[in-house]
Amino acid sequence: MLASYLTLAAVLFCVGLYGVLTKRNAIIVLLSIELMLNAVNLNLVAFSKYGVHPSLAGQIFSLFTMTVAAAEAAVGVAILVAIYRARTSVNVDEFDELRR
């Protein structure tokens, strides 16, 4: 049972990694990062349920990770909205300057 969860998490992480490395749209990159974080959460919950020493620690770490991911998404989308208003584009190739 643990192997199936780990396989699913590995597939999710690889899809997220592919999105981060290949996509140019910053919103897609943020969504891919969220996908990778959810793969990690799936691993944490699976190990807390089916690991050597089952406990709630993995689920608690998963809740902490989801909280940090929600804050990261809120800040990231706010930054993207500000960049879009300034440049009318969310293409990551155009974000090579920190300051003009």
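1. Start with the outward side of helix H1: the face turned away from its buried side carries the exposed residues Ala3, Tyr18 and Leu21. Exposed means over 50% relative accessible area, buried under 20%, and partly exposed in between, using a 1.4 Å probe and protein chains only. Bear in mind that this is a predicted model, where local features need pLDDT of at least 70, side-chain atom pairs count only at pLDDT 80 or more, and totals for chains, interfaces and linings use all residues. Residues are numbered from 1 along each chain as its sequence is written, and side-chain values use heavy atoms, with hydrogens and water left out.

2. Now the other side of H1: Ala9, Gly16 and Gly19 are buried. They sit on the same side of H1 because they cover an arc of only 85° around the axis, taken from the directions from the helix axis to the C-beta atoms. Helix H2 (26-50) is included in what covers them. Helices here are DSSP runs (H or I, at least four residues), numbered from the N terminus.

3. On to H2, whose buried residues include Val29, Leu30, Glu34, Met36 and Asn41. The buried residues of H2 pack against H1 and H3, contact meaning heavy atoms within 4.5 Å.

4. Have a look at the N-terminal end of H2, too. Asn25 caps it, with a side-chain oxygen 3.1 Å from the backbone nitrogen of Ile27.

5. One last spot is Thr88, in the segment after helix H3 (57-87). Thr88 isn't a glycine, yet its phi is positive, about 55°. Thr88 is also exposed, at 59% relative accessible area.

Technical notes. Helix = DSSP H or I, 4+ residues; strand = E, 2+ residues; numbered from the N terminus. Polar contact = N/O pair within 3.5 Å; in protein donor to acceptor, adjacent residues only side chain to side chain.
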